[in-house]
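Work through the exercises below with the model open beside you. Try each task before reading its solution.

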Amino acid sequence: MVATEKEQEKLEDFSYSTLHFGIWSVLVPMEVAAGKLSFLRSWWDKWNRFRSSLPVVWRFLWEIYSLDPRLNLLFFLLRLVSSVEGTLMLYASSKLLQTVETGLATGRPDMSAIFQAVVLRMMCTVLTSTVRWASMRVSPMLQSRVIAHFEEYMLRAKLRLDLPTSTDKNTELGISPWIIWYHFQILSGLFERGSRLSSQIIFTTQQPQGGFMLTVLALVSPFLSTHFAKIPWKHGFVMYASNLDYLRLRALKWLGSEEYRQDIVSGNLVDWILTEYDKAKNALGTTSDASPDSQFLSQNTPITDIVMQLSNDLPTFYWAASVIIEPRGFSITSFAILQQHANGLRGSITGLVHEVAEVAEIVTALNDLYKMADLKNKVVDGDEAYPNSAVSTDRGMAFELKNVSFAYPGGKSKDNAIRNLSLKIPAGHLVVIVGANGSGKSTIIKLMSRLYDVDSGEILVDGIPIQKYRLGDLRKVQALLSQDLKLFPLTLAENIGLGNPDHINDMKMVMEAAESGGASEVIKKLNDGAQAVLYPIQTAYGSQLENYPKLQKILENLEQYAEVSGGEKQRLVAARTFMRFLSGNIRFAVADEPSSALDPKAEHKLFQHLRESGDGKTMIFVTHRFGHLTKYADLIICMKDGQAVETGTHKELMALGGEYSELYNVQAQAFSENSL
Ligand SMILES: Nc1ncnc2c1ncn2[C@@H]1O[C@H](COP(=O)(O)OP(=O)(O)OP(=O)(O)O)[C@@H](O)[C@H]1O
């Protein structure tokens, strides 16, 4: 038996409870857990929810309708016709049966009536097949319009988000265009179901022998099923696996994935993993991981099921009673027909009830979708143009950080990433930032590029607060090269050309940038050269190819990844930055440890190229490797625990004998020991 334990959350909040089902914990509002919602209140809530959901559903349907009104009208017309065809078919069948029965009873079959009934029935069949055929053509057309529209909608909504907003958990969208299409189908299905139900009710209530009563009785079973099969937490809940053995089992199972293969083979971890897996499996025992919904429903007693099944048979019982009371009105044909009506009616109502229940989920998803497009970015745009002719110079951007502090939104660290940092970087300077891991080097860059806003203090660009500038203008004059940058699933030429989208097709410029970034050799090496796509989108699949070696070969060669080394990737990304430099707009260039995977020669060449293209730019290098750069730097900033502990030139800082000279000497010493 499944244990349902309600425990009051004593510390934080008294308004919810935790229910346990197998490995799951389900947090639900207290009134739901206690079953406090009265029958009337629950229906009143449902009605209110339905009313408040209408605007968003209407907006959604209208948006889809506006995509292609004619296609939509056709789509709904076909659904309307398909909704009544079942009733029409039944009508035709009943006509045929009644005519035949009358003919048999009187011994004089009415040939013309039989002929009419047969023709009607055949016409219904033709109609059904035609509607199905037309639907199979119209539906995919509408589907691709809807999916393309919402794909673009979501792409736009995502692309416009800034970093702090996009990393906010509340902005995650758990919906895809395919789910949106599915939601649309449910809503249009509701329309079809409603129309079918209306036609069934009209037809059944007009049947002479107890049609009205049968309609009422057919309603009982779906009504009971909504009551008994109700999951109490459908509106508002949090669910998570809380069983530690189960979580361990899942984690161990993950170790079987390709990602960990090398670590596991080289670490000889196979036996340990299997032993731990066995331990966790035994500890978990028979605790169920079935969904909380099914575990909750499995608590019902067989009586519930018996009542539900009996309620299904109510129309038959009613019919049997009618035969006993009024045997002369008995007709097997009308019994069979009414029985079919009752079944159809019950099926429609049950379907309708389930689909209506899904509307709540659809509304939540649609609200999230539209909210995302209306979401305000945390980094707010300014209205000052950059460069500002009154204060900006051609030498590059000048920065002043005044008492800046910053912590990452949702960051787990106790301390701020940057603490009370003040410094000045004159226009055109070459700056090197050094310091231990986690000391805040990259964070300064992110704040100076306005990827994030400071929490307190301020950053001035050419003497004006950075927030006042138009973000688009700032981005146009910045170039950021970091080891975190990724290659896009596009051609190599595009990967480089995107540094300067206005000249993306200028192959001469692209190859020049590739040369500066050290990527020309990588390009030459590949079969498709600059047109190679390293990581093509994966769509190909095949199955049951054992007897078709040619097809197997084709499948193997389709959409293959062209692996390049980490250093080669860095060269390609560096080429993109040089392409950006070639736009001639750049006034602030940052290289945030772009060379960790480069060999020494490539690194030297990269830094040399970067320095040589530094004219008219303020350049900042973040690095752990001293030597090449620090001796050229106009300013070195040595970071520790979010603060600039030392600033000055290489000579000045070495003379200080502090943090910088310590870091420098560690490397210098290692180098001289190696060279021994
Ligand atoms: N996106 C993030 N979310 C939360 N905390 C972050 C994030 N990025 C960095 N941090 C934290 O901020 C602090 C400063 O990180 P930062 O990346 O600026 O250090 P760094 O000096 O560049 O380090 P490294 O040399 O390792 O690259 C660290 O404690 C880090 O854990």
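**Exercise 1: Place the ligand**

The ligand takes up the space of the second largest pocket. The model is predicted. Find which residues around the ligand come nearest.

Solution. Start with the residues around the ligand: there are 13. Then pick out those that come nearest: N437, G438, K441, S442 and T443. Next, sort the shell by character. It divides into three nonpolar, eight polar and two charged residues.

**Exercise 2: Trace the polar contacts**

Find what lies 2.8 Å from an oxygen atom of the ligand in G438 and in K441.

Solution. Take G438 first. A backbone N or O atom of G438 is 2.8 Å from a ligand oxygen atom. Turn to K441. Here an N or O atom of the side chain lies 2.8 Å from an oxygen atom of the ligand. Now add G440. A polar backbone atom of G440 is 3.0 Å from a ligand oxygen atom. Each pair counts as a polar contact because the cut-off is 3.5 Å between N or O atoms. Finish with the cover. On its own, the ligand has 630 Å² of accessible area, and the protein covers 63% of it.

**Exercise 3: Classify an aromatic pair**

The structure holds 22 aromatic pairs. Classify the one formed by W181 and F184.

Solution. Begin with the distance: the ring centres are 5.5 Å apart. Pairing needs centres within 6.5 Å. Then read the angle between the planes: 35°. Under 30 degrees would be stacked, and over 60 edge-to-face, so this pair is tilted. Last, locate both residues. W181 and F184 lie in helix α6, residues 177-205. They are three residues apart, about one turn of the helix.

Conventions
Residues are numbered from 1 along each chain as its sequence is written. This is a predicted model: local features need pLDDT of at least 70, side-chain atom pairs count only at pLDDT 80 or more; totals for chains, interfaces and linings use all residues. Side-chain values use heavy atoms; hydrogens and water are left out. A residue is near a molecule or strand if one of its heavy atoms lies within 4 Å of it. A polar contact is a pair of N or O atoms within 3.5 Å; within protein, one must be able to donate a hydrogen and the other to accept it, and residues adjacent in sequence count only if both atoms are side-chain atoms. Accessible areas come from the Shrake-Rupley method with a 1.4 Å probe; for residues, only the protein chains shown count as cover. On a 1 Å grid over the protein atoms alone, a cavity is a set of points where a 1.4 Å probe fits but cannot get out, and a pocket is an open set with protein on both sides within 12 Å along at least five of seven lines; lining residues have an atom within 4 Å of a point. A molecule sits in a cavity or pocket if more than half of its atoms lie within 2 Å of its grid points. Ala, Val, Leu, Ile, Met, Phe, Trp, Tyr, Cys and Pro count as nonpolar, Asp, Glu, Lys and Arg as charged, and the others, Gly among them, as polar. Rings of Phe, Tyr and Trp (its six-membered ring) pair if their centres lie within 6.5 Å; planes under 30 degrees apart count as stacked, over 60 as edge-to-face and the rest as tilted. Helices (H or I, at least four residues) and strands (E, at least two) are DSSP runs, numbered from the N terminus.
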